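Reader: I'm new to this, and words like "buried" and "cavity" get thrown around a lot. Can we go through one model and check what earns each label?

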Amino acid sequence: MESATGEERGRGHRFLLVHGVCHGAWCWYRVATILRSAGHRVDALDMAACGASPGRADEVGSFEEYSRPLLDTLAALPPGEKVVLVGHSYGGQSLALAMQAFPDRVSVAVFASAAMPAAGKPIKFVSEQFAQERGPGFFKDCVIETTGDDPRRPCKTFLLGPEYMAEKLYRLSPPEDLTLATMLVRPSRQFVDDATMIGEGVLTAGRYGAVSRVYIVAEEDKSWSPEFQRRMASWNPGTEVRGLEGADHMPMFSKPREFSDLLVEIANKYVQV
């Protein structure tokens with residue numbers, strides 16, 4: 001595998017990094033440092049009410065509003081500029097929405113142990129399929145709360161628990177990164193009945209399906225299995241699948257150098273000079 005320091009085209013790529021549920025831009029600090037030190041431009045984004053962004057999860061009105069920081073960043077790109085989109089876990093769904101909205105501004109979309117919806121099916125299809133994979137008590141000490149004044153449209157939020165994080169997400173990651181995560185995770189809204197999540201025509205083959213995409217399988221993931229990750233990739237014909245050995249659900253922590261090298265290798269392959 002080519003080292004991240006061996007950028008062969010003589011100029012850096014531009015990466016946009018999107019975090020998973022309850023996390024924020026902070027979770028990319030290792031990968032962002034490696035990529036920037038190799039001369040690449042990197043933006044790690046906070047989705048709405050995540051990371052360092054203001055507001056609470058229950059104030060985010062829709063999944064599109066949640067993904068707005070990514071959509072706005074793509075909308076503001078200079079004419080003709082494209083980016084390498086990288087989404088982790090739940091962030092894959094925001095990637096899909098961005099690919100649908102701006103297919104001409106994405107050189108390649110990289111799904112890293114990420115939710116990968118299928119064109120022509122609701123985004124929610126991923127979570128419905130995953131629900132069939134997990135057994136009772138899977139989420140251990142994670143906290144699901146229901147708030148809101150309207151019983152017809154309750155607001156559900158989800159917060160990762162430290163036991164679940166240690167056993168399912170950060171199992172092979174440095175203990176200091178797990179400690180950092182337990183301090184920084186925030187509740188995320190579950191957009192159960194959101195129109196964007198349940199609509200069958202939201203993601204189309206002509207836009208979302210037209211963007212080059214690569215799925216990076218975290219081979220030691222104990223959250224969703226490597227088999228399920230590959231199944232998501234199979235819903236999208238033409239997806240290149242790459243395995244990352246020794247990576248738990250958080251490859252940016254468990255295998256930051258190997259993960260970064262792989263991102264550069266993918267960018268070198270798909271980004272047009």
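Author: Sure, let's begin with the largest cavity, whose lining has 8 nonpolar, 1 polar and 1 charged residues. Before we go on: this is a predicted model, where local features need pLDDT of at least 70 and side-chain atom pairs count only at pLDDT 80 or more, while totals for chains, interfaces and linings use all residues. Residues are numbered from 1 along each chain as its sequence is written, and side-chain values use heavy atoms, with hydrogens and water left out.

Reader: What makes a residue in that lining nonpolar, polar or charged?

Author: Ala, Val, Leu, Ile, Met, Phe, Trp, Tyr, Cys and Pro count as nonpolar, Asp, Glu, Lys and Arg as charged, and the others, Gly among them, as polar. The cavity is lined by Ala48, Ala49, Cys50, Ala57, Val60, Tyr66, Pro187, Ser188, Arg189 and Phe191. Arg189 is in that lining, and Arg counts as charged.

Reader: Why is one space called a cavity and another a pocket?

Author: Rolling a probe the size of a water molecule over the atoms shows where empty space is left. On a 1 Å grid over the protein atoms alone, a cavity is a set of points where a 1.4 Å probe fits but cannot get out, whereas a pocket is an open set with protein on both sides within 12 Å along at least five of seven lines; a lining residue has an atom within 4 Å of a point. The whole structure has 1 cavity of 30 Å³ or more, and the largest cavity holds about 40 Å³ of space. The largest pocket has a volume of about 760 Å³. A volume here is the space filled by probe spheres set on the grid points, which are joined across faces, edges and corners.

Reader: Which residues lie nearest the centre of the largest pocket?

Author: Those are Tyr90, Ser127, Phe130, Phe139 and Gln190, out of 32 lining residues. By class, that lining has 18 nonpolar, 10 polar and 4 charged residues. The largest share, 5 residues, comes from α5. Helix names like that one come from DSSP runs (H or I, at least four residues; strands are E, at least two), numbered from the N terminus.

Reader: How do you know that Cys50 is not in a disulfide?

Author: A disulfide is a pair of cysteine sulfur atoms within 2.5 Å. The closest cysteine sulfur to that of Cys50 is in Cys22, 7.7 Å away, so that is too far for a bond. Cys142 fails too, because its closest cysteine sulfur, also in Cys22, is 7.5 Å away. The count comes to 0 disulfides.

Reader: And why is Cys50 called buried?

Author: Buried means under 20% relative accessible area, exposed over 50%, and partly exposed in between (1.4 Å probe, protein chains only). Cys50 has 2% relative accessibility, so it counts as buried. Cys142, at 14%, counts as buried as well. Cys22 is buried with a relative accessible area of 1%.

Reader: What is the phi of Cys22?

Author: Near 70°, a positive value in a residue other than glycine. Most residues other than glycine have a negative phi. Cys22 sits in the loop between β1 (14-18) and α1. Ser89 is not a glycine either, and has a positive phi of about 55°.

Reader: Why are the buried residues of α7 said to be on the same side?

Author: In α7 (residues 175-184), the buried ones are Asp177, Leu178 and Ala181. They cover an arc of only 100° around the axis, so they lie on the same side of α7. The arc is that of the directions from the helix axis to the C-beta atoms. The face turned away from that buried side carries the exposed residues Pro175 and Met183.
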